[in-house]
Amino acid sequence: MSSSSTSSTPVVVYQDKATFSCSNCSTVVALQDELISKAFSGRDGRGYLMHSATNVKHEKKEDRALLTGVHTVADVSCIGCNARLGWYYYKASDQSQKYKEGKYLLERERLIKENKWRLDE
Ligand SMILES: [Zn+2]
């Protein structure tokens with residue numbers, strides 16, 4: 001363990017990958033390859049279920065009653081601008097919802113889709 005603390009958090013950048021970025025500050029927050037489902041509900045509208053997210057920080061863990069039962073979640077925010085982007089599923093109480101554990105729910109409204117793939121012109 002290192003005792004030195006860094007003042008700035010390194011920002012992960014993906015070259016030539018399609019990504020989702022924070023709509024507020026354009027920090028890359030997820031790879032589109034990590035998308036599991038678009039058919040989820042966020043707090044403010046549609047949500048994307050993601051295998052992983054990057055450049056996000058986890059807020060306090062809490063139990064929250066969602067449409068699909070009680071889940072232990074933590075809000076996640078953008079490290080670039082602190083905007084709340086969605087939440088992380090630590091635990092699901094309902095057996096049928098266990099597949100969400102360890103996954104992220106990102107609010108579609110907070111994301112910009114950036115497609116780095118090039119098409120021939
Ligand atoms: Zn941001």
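Here are a few questions and answers about this predicted model.

Reader: In what order do the three strands of the open sheet run?
Author: Start with the pairing, which is antiparallel in this sheet. Strand 1 (residues 19-22) and strand 2 share three bridges, and in one of them threonine 19 has leucine 31 as its partner. Neighbouring strands here are turned by 30° against each other on average, ignoring direction. Reading across the open sheet, the order is 2-1-9.

Reader: Which strands stand at the edges of that sheet, and why is one side of each left without a neighbour?
Author: Each edge strand has a single partner strand, so one side of it has no neighbour in the sheet. The two in question are strand 2 (28-31) and strand 9 (111-114).

Reader: Which residue in the turn of the hairpin formed by strand 3 and strand 4 has a positive phi?
Author: Strand 3 (residues 35-41) and strand 4 (residues 46-50) pair antiparallel over four bridges, and phenylalanine 40 sits opposite glycine 47. Four residues lie between the two strands, and the phi of about 160° in the turn belongs to glycine 45.

Reader: Which strand gives the most to the largest nonpolar core?
Author: That core has 22 residues, with Val29, Ala53 and Val76 among those with the most contacts inside it. Ala53 touches Val29, Ala30, Val76, Tyr104 and Leu106, leaving out residues up to four places away in sequence. Several strands supply at least two residues each, including strand 6 (69-78), strand 7 (84-92) and strand 8 (104-107). With five residues, the top contributor is strand 7.

How values were computed
Residues numbered from 1 in each chain as written. Predicted model: local features only at pLDDT ≥ 70, side-chain atom pairs only at ≥ 80, totals over all residues. Pairing = 2+ DSSP bridges. Axes fitted to C-alpha atoms, helices over the stretch in contact; angles between N-to-C directions. Core = buried A, V, L, I, M, F, W, Y, C linked by C-beta atoms within 7 Å. Buried ≥ 20, exposed ≤ 12 C-beta atoms within 10 Å, placed from the backbone. Contact = placed C-beta atoms within 7 Å.
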